[in-house]
Amino acid sequence: MMIKLLQPVTASLSSKRKTSYPSFSLVREHNNLFLRGFMILLLSCITIQLNFCISSIPSSLKALPLEGHLNFDEVGLSQASRDFGNRYHTQPMALLHPKSVSDIAVTIKHIWNLGPSSQLTVAARGHGHSLQGQSQAHGGVVINMKSLIAPEMKVYAGELPYVDVSGGELWINILHETLRYGLAPRSWTDYLHLTVGGTLSNAGVSGQAFLHGPQISNVKQLEIVTGTGEVVNCSEEQNRELFHSVLGGLGQFGIITRARILLEPAPTMVKWIRVLYADFTAFTRDQEKLIFMENAFDYIEGFVIINRTGLLNNWRTSFNPQDPVQAHKFKSDGRTLFCLELAKYISMEETHAVNQEKAIMACANIALHATHVAQGSRPGTLAKN
């Protein structure tokens, strides 16, 4: 009897359990569906809002009160999407042609206020001679610094001469202007058709760097537009940390809109020498010797020549081109050659005669190790264009 009574009770409990499980599973499934639906709806709202923000960005940029203008044309944007390195091609959303520093500040401040959700980046572009896309801004705003109309270039002669220039000014124009006062910048780049802001954002290195340091070591003061759109003056005495961060900072700490560049008296004559080597050890030994030699040369630079016979043929100025022995030295196809380029600034004053003589003797000494020495004299300051 007990067994008979227990069997239906057990069966009844089991039946109740079976009926309760589907009910719990159904609630859980409904909860999961609700959560999924809520997340999809939330993500959709965020996406719609983000797309709306992004789609409204061009309109907000167009509404900015600018003296210059923003270009959204495909041709202009395409030109701003490449640089000298020709390795990276990233098209911006807009190209700013500023007429004033205020245009740059207003644009950057607007982008700052949009916040990180806009995903807008900004890049300053001079002549676009960057090698790895530094003057490009994917989907952002590129600032054409060449269009910046700044106050006239001002040269200040005196015991410590300097020149005030726009960040979009070319070094070749600075040279022409300062030479009118018998002055020239202390340190150069090898190519002078570059902007002040571009080279100062990197370093500005050439043959005078061993004597005066790179261009960034010869700057007295800067005007900067910061990442928040503020226009700030900085120097060794004022905003010192910003001053040293911007110089050589690759544009990550601010955009250089004006600079005060130190000058020196321009020479009346330049003794220009190129020394060609086939042996690397002799090349480096002579270069180090000349760098550490006091008052020997004002410009010393070394470089490598590979498969550039056409370039070398342009240097045939100090030997008979019919001489097959000499001509062979100027064949670089399939060879690696090394060159020292030297310059001695010559003044007509007698006080410099000793230093000039020392430079000539130094050249005679290094000629013993060289494959060929080509030299000549040029009026004015040394400038490779």
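A salt bridge here is a side-chain nitrogen of Lys or Arg within 4 Å of a carboxyl oxygen of Asp or Glu. Keep that in mind as you click around this predicted model.

**Start with the whole chain**

Show everything as a cartoon. You're looking at a protein chain with 11 helices and 14 strands. Of its 385 residues, 42% count as buried. Now colour by surface: the accessible area comes to about 21700 Å², and 57% of that belongs to carbon and sulfur atoms. Among contacts between residues at least 6 apart in sequence, 69% join residues at least 24 apart.

**Stop one: D298 and K344**

Select D298 and K344 and show their side chains. The closest N and O atoms of this pair are 3.8 Å apart, and because the cut-off is 4 Å, the pair counts as a salt bridge. D298 sits in the loop between α8 (280-292) and β12 (299-306), while K344 is in strand β13, 46 residues apart. Are they buried or exposed? D298 counts as buried at 16% relative accessibility, and K344 is buried too, at 7%.

**Stop two: R274 and E341**

Stay with salt bridges and pick R274 and E341, whose closest N and O atoms are 3.0 Å apart. This pair also links distant parts of the chain: R274 belongs to strand β11 (residues 269-277) and E341 to strand β13 (residues 336-346), 67 residues apart. Both R274 and E341 are buried.

**Stop three: D164 and R260**

Next, select D164 and R260. Their side chains meet in a salt bridge, 2.7 Å from N to O. Look along the cartoon and you'll find D164 in strand β6 (residues 162-166) and R260 in strand β10 (residues 255-265), with their positions 96 residues apart in the numbering. D164 is buried, with a relative accessible area of 10%, and R260 is buried at 18%. A search of the whole structure finds five salt bridges, including the ones you've just visited.

**Stop four: I149**

Time for a loop. I149 lies between β4 (141-144) and β5 (154-156). Turn on the surface: I149 is exposed, with a relative accessible area of 58%. What does I149 touch, leaving aside its neighbours within four places in sequence? Select P98, K99 and S100, and you have those contacts. The C-alpha atoms of I149 and S100 are separated by 5.7 Å, though the two residues are 49 apart along the chain.

**Last stop: the cysteines**

Finish with C234 and C339. C234 counts as buried at 1% relative accessibility, and C339 is buried at 0%. How many disulfides does a search of the whole structure find? Zero.

How values were computed
Residues numbered from 1 in each chain as written. Predicted model: local features only at pLDDT ≥ 70, side-chain atom pairs only at ≥ 80, totals over all residues. Heavy atoms only, no water. Disulfide = S-S within 2.5 Å. Buried < 20%, exposed > 50% of the residue type's maximum accessible area, 1.4 Å probe, protein only. Helix = DSSP H or I, 4+ residues; strand = E, 2+ residues; numbered from the N terminus. Contact = heavy atoms within 4.5 Å. Areas by Shrake-Rupley, 256 points an atom, 1.4 Å probe, with all protein chains shown as cover.
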